[in-house]
Amino acid sequence: MKARLAALAVTVWLAPGLGFAQSAPGTMRPYDTLPDWSGAWQMVGGTVFDRATQTGEGGATSVGVRSHPPYNAEWEAIYKSHLERRDKNLFPDTISNCGVPAGFPRHFNLPDPYEFVIRPEQVWVLTENGPNVLRIYTDGRKHLEDQWATYTGDSVGHWEGDTLVFTTVALKGFRDKDVILDRTGLVLSDQSHTTTRIRKIDPKTIQVEMTIEDPKALTKPWVVTKQFQKMPAGTRVYDYGCAENNRNPADVDTGKTLILGPDGKPLNK
Amino acid sequence: MRTPAFLGALVMVTSLTSSAPAAAHHSGAGFNSEKVIELSGTIKEFQFTNPHTWIQLFVEDDKGVKVEWSIEWGSPNSLGRQGIRPSTFPPGAKVTIRLRPMINGAPAGGFVGAKFADGKTVGRWE
């Protein structure tokens with residue numbers, strides 16, 4: 001199988017007409033030299049985005065669990081207003097209504113299994129929760145100069161030994177108020193961009209180190225490290241049909257997360 | 001709608017401060033994380049669905065009126081990987097369920113554990 005995939009990789013490498021108009025052939029690593037990140041992986045700890053600064057007990061929904069990111073005064077005020085609303089259960093999780101991706105960098109702050117799929121020309125980071133897909137092009141292409149902003153942005157990178165290094169740009173951030181980093185109301189602007197380094201630090205741990213820069217919201221680069229532990233061999237990953245039976249939508253008027261009874265009416269309006 | 005008096009008549013099992021029930025999709029802020037109550041009743045339906053599962057339980061209140069409770073649990077994917085199946089709570093089964101009740105007294109809560117008439121337990125029941 002591996003030999004067949006390697007042959008495919010060579011075929012792609014030798015076929016510039018396959019749509020990789022901006023690729024730079026020759027920069028891709030042969031498949032057999034790439035690391036093995038197969039299997040299912042689960043994020044270590046709760047969904048607090050920056051656990052390194054966690055100062056108290058509790059998870060992402062608890063009050064005052066960590067120090068603030070290096071926000072400037074304007075974005076510190078925005079974040080504090082989100083915290084106040086969160087404490088009243090009036091700050092909705094943007095994914096509660098099952099309509100939008102988690103976005104980047106929240107992509108690395110989700111519960112449930114992750115999968116890292118490596119090919120010479122691309123790496124996919126798949127999350128069951130959502131589901132979400134992060135595509136990282138490693139075929140030598142560059143970011144588009146006129147790339148429009150999206151939830152997950154545009155990621156291009158390369159390998160440094162067994163470390164995947166990539167940059168992510170063209171992010172919506174909190175521009176349209178539908179991307180957060182965690183449920184404390186942590187947000188970034190539409191000017192944020194990130195350099196991420198991913199490597200396996202031991203056979204059962206993948207580490208993701210993100211250096212986030214945001215000239216609109218942050219006063220200095222913000223480095224956040226997340227770790228993912230390998231799940232038991234044979235772990236299956238399933239559909240996450242968020243809209244299948246969502247009994248916890250956010251109230252569009254108040255932002256309150258509702259709990260629906262069997263008749264579909266809120267029990268906590 | 002349940003009254004505080006009705007909830008007060010239920011058995012208070014313990015006071016736990018651990019995280020909300022496997023609520024990956026939302027905060028679970030509507031549930032009382034400090035309190036666990038115990039309900040005995042009959043399974044109406046186990047909604048083994050995304051993003052969260054729900055156990056619908058018929059319980060008779062202190063006036064003999066049948067009330068439908070909605071008890072939220074984790075995602076079917078996560079529970080499925082732990083061996084839980086749609087058949088774990090079959091309709092008609094008699095069961096006692098421990099849950100973190102809603103703060104406002106509505107008939108719903110977050111699942112903690114369950115014990116069937118034959119002694120079989122599911123979730124946390126120690």
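Analyst: Let's start with the vocabulary: helices are DSSP runs of H or I with at least four residues, strands are DSSP runs of E with at least two, and both are numbered from the N terminus. By that count, chain B has two helices and seven strands, in the order α-β-β-β-β-α-β-β-β along the sequence. Chain A comes to two helices and nine strands, running α-β-α-β-β-β-β-β-β-β-β from the N terminus on. Residues are numbered from 1 along each chain as its sequence is written, while chains are lettered from A and ligands numbered from 1 in the order in which they are written. This is a predicted model, in which local features need pLDDT of at least 70 and side-chain atom pairs count only at pLDDT 80 or more, whereas totals for chains, interfaces and linings use all residues.

User: What pLDDT does chain A have, and what does the term mean?

Analyst: pLDDT is the predictor's confidence in each residue, from 0 to 100. Chain A has a mean of 87, with 86% of its residues at 70 or more. Over residues 1-26 of chain A, though, the value is below 50, and the model gives this stretch 24 contacts beyond near neighbours in sequence. Chain B averages 84, and 78% of its residues score at least 70. Residues 1-23 of chain B stay under 50, with 51 contacts beyond four places in sequence. Where pLDDT is low, the predicted coordinates should not be read in detail. For the model there are also two scores, ipTM 0.81 and pTM 0.84.

User: How do you know whether A:Gln229 is buried or exposed?

Analyst: Count the C-beta atoms, placed from the backbone, within 10 Å of the residue's own: 20 or more others make it buried, 12 or fewer exposed, and anything in between partly exposed. A:Gln229 has 12 such neighbours, so it counts as exposed. A:Gln229 is found in strand 9 of chain A. Among the residues that A:Gln229 touches, leaving out those up to four places away in sequence, are A:Trp41 and A:Lys204. Here, contact means that the C-beta atoms of two residues, placed from the backbone, lie within 7 Å. By the burial rule, 38% of the 269 residues of chain A are buried, and for the 126 residues of chain B the share is 42%.

User: What makes strand 2 and strand 3 of chain A a pair?

Analyst: Two strands pair if DSSP finds at least two bridges between them. Six bridges join strand 2 (residues 114-119) to strand 3 (residues 122-127) of chain A, and the two run antiparallel, so the requirement of at least two is met. A hairpin with two residues links these strands. Bridge partners include A:Tyr114 with A:Thr127 and A:Glu115 with A:Leu126. Strand 3 of chain A is also joined to strand 4 of chain A by six bridges, again antiparallel, and A:Gln122 stands opposite A:Tyr137 there.

User: Which side chains of strand 3 of chain A point to the buried face?

Analyst: A:Val123, A:Val125 and A:Thr127 point to one face and are buried, while A:Gln122, A:Trp124 and A:Leu126 point to the other and are not.

User: What makes a set of residues a nonpolar core, and which members touch the most others in the largest one?

Analyst: A nonpolar core is a set of buried Ala, Val, Leu, Ile, Met, Phe, Trp, Tyr and Cys residues joined through C-beta atoms within 7 Å. The largest has 40 residues, and A:Trp41, A:Phe116, A:Leu181, A:Val187, A:Leu188 and A:Ile206 touch the most other members. Strand 8 of chain A gives the largest share of this core, four residues. A second, separate core of 25 residues includes B:Val36, B:Phe46, B:Ile97 and B:Val112. In soluble globular proteins, nonpolar side chains tend to be buried together.

User: How do you know that the span of helix 2 of chain A agrees with its 15 residues?

Analyst: The expected span is 1.5 Å times one less than the number of residues. For the 15 residues of helix 2 (residues 73-87) of chain A that should give 21 Å, and the end C-alpha atoms are 21 Å apart, so the two agree. Just after this helix, A:Asn89 takes a positive phi of about 55°.

User: How many residues of chain A are in contact with chain B?

Analyst: 28 residues of chain A are in contact with 25 residues of chain B. The side of chain A that touches chain B has seven nonpolar, 13 polar and eight charged residues. In that sorting, Ala, Val, Leu, Ile, Met, Phe, Trp, Tyr, Cys and Pro count as nonpolar, Asp, Glu, Lys and Arg as charged, and the others, Gly among them, as polar.
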